[in-house]
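Work through the exercises below with the sequence and the structure open beside you, and try each task before you read its solution.

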Amino acid sequence: PALTTRLAEAMAALVSGRQIDMVAAPAVGGIIIGFAVAQALGVKFIFSERQNGVMTFRRSFTVEPGQRVLVVEDVVTTGGSVAEVIELARAAGGVVEAVTSIIDRGGDKAFDAEYLPLLRLEVESMEPHECPQCASETAIDSPGSRRLS
């Protein structure tokens, strides 16, 4: 919690001086950091989640026309989930002020809003058929903890 609070305060500082009325984040990765950024800014927090494969605001979450929205995510690779949250906010009449995340994994983004990440990394991504580790059939995960010492 202490580190999350520090990261959220740094993210809130990136939008210092802007009017932000609410923070919106995609579930699941953006929920904790989104909540913490909203708390740092002293504004309302909502999150989106998938329902029948479609990103939506549920749980009585709404964006009012004219509300200025900061979209928050933990890690952004392509920005697909962020783009869906932006679309939801704009469709409701909200104004997306910016997007912020803890980490930007590099590459082109699927959204058209100002992007203010805390850390930018260039992380190589590839399709499974292009991946040497996938071709070697090397396990990339080890579920469970019984084998750990």
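**Exercise 1.** Which residues does Thr-100 touch, not counting residues up to four places away in sequence?

*Solution.* Keep in mind from the start that this is a predicted model. As a first step, find Thr-100 in strand 5, which covers residues 95-104. Next, list its contacts: Thr-100 touches Met-11, Leu-14, Leu-70, Val-71, Val-72, Glu-73, Tyr-115, Leu-116 and Pro-117, once residues up to four places away in sequence are set aside. One of these residues, Leu-116, also offers its backbone oxygen, which the side chain of Thr-100 reaches at 2.6 Å.

**Exercise 2.** Decide whether Thr-100 and Pro-117 are buried or exposed.

*Solution.* The step of reasoning needs one cut-off, namely that buried means under 20% relative accessible area. Thr-100 has 0% relative accessibility and therefore counts as buried. Pro-117 has a relative accessible area of 11%, so this residue is buried as well.

**Exercise 3.** Describe where Pro-117 lies and which residues are in contact with it.

*Solution.* Begin with the location: Pro-117 belongs to the loop between strand 5 and strand 6, the latter being residues 119-120. Then leave aside the neighbours within four places in sequence, and the contacts of Pro-117 are Leu-14, Thr-100, Ser-101 and Asp-104. Finally, set sequence beside space for another residue: Glu-130 is 13 residues from Pro-117 in sequence, and their C-alpha atoms are 28 Å apart.

**Exercise 4.** How do the rings of Phe-45 and Phe-47, and those of Phe-47 and Phe-61, pair with each other?

*Solution.* A pair of aromatic rings is described by two quantities, the distance of the centres and the angle of the planes. The structure holds 4 aromatic pairs. In the pair of Phe-45 and Phe-47, the centres are 6.2 Å apart and the planes make an angle of 35 degrees, which is a tilted arrangement. Both partners are buried, because Phe-45 has 18% relative accessibility and Phe-47 has a relative accessible area of 13%. For Phe-47 and Phe-61, the centres lie 5.1 Å apart with the planes at 70 degrees, so this pair is edge-to-face. Since Phe-47 is in strand 2 (residues 44-51) and Phe-61 is in the loop between strand 3 (54-57) and strand 4 (68-76), the pair ties together parts that are 14 residues apart in sequence. As a last step, place these rings in their group: Phe-35, Phe-45, Phe-47 and Phe-61 form one aromatic cluster.

Terms used: Residues are numbered from 1 along each chain as its sequence is written. This is a predicted model: local features need pLDDT of at least 70, side-chain atom pairs count only at pLDDT 80 or more; totals for chains, interfaces and linings use all residues. Side-chain values use heavy atoms; hydrogens and water are left out. Helices (H or I, at least four residues) and strands (E, at least two) are DSSP runs, numbered from the N terminus. Buried means under 20% relative accessible area, exposed over 50%, partly exposed in between (1.4 Å probe, protein chains only). A polar contact is a pair of N or O atoms within 3.5 Å; within protein, one must be able to donate a hydrogen and the other to accept it, and residues adjacent in sequence count only if both atoms are side-chain atoms. Contact means heavy atoms within 4.5 Å. Rings of Phe, Tyr and Trp (its six-membered ring) pair if their centres lie within 6.5 Å; planes under 30 degrees apart count as stacked, over 60 as edge-to-face and the rest as tilted.
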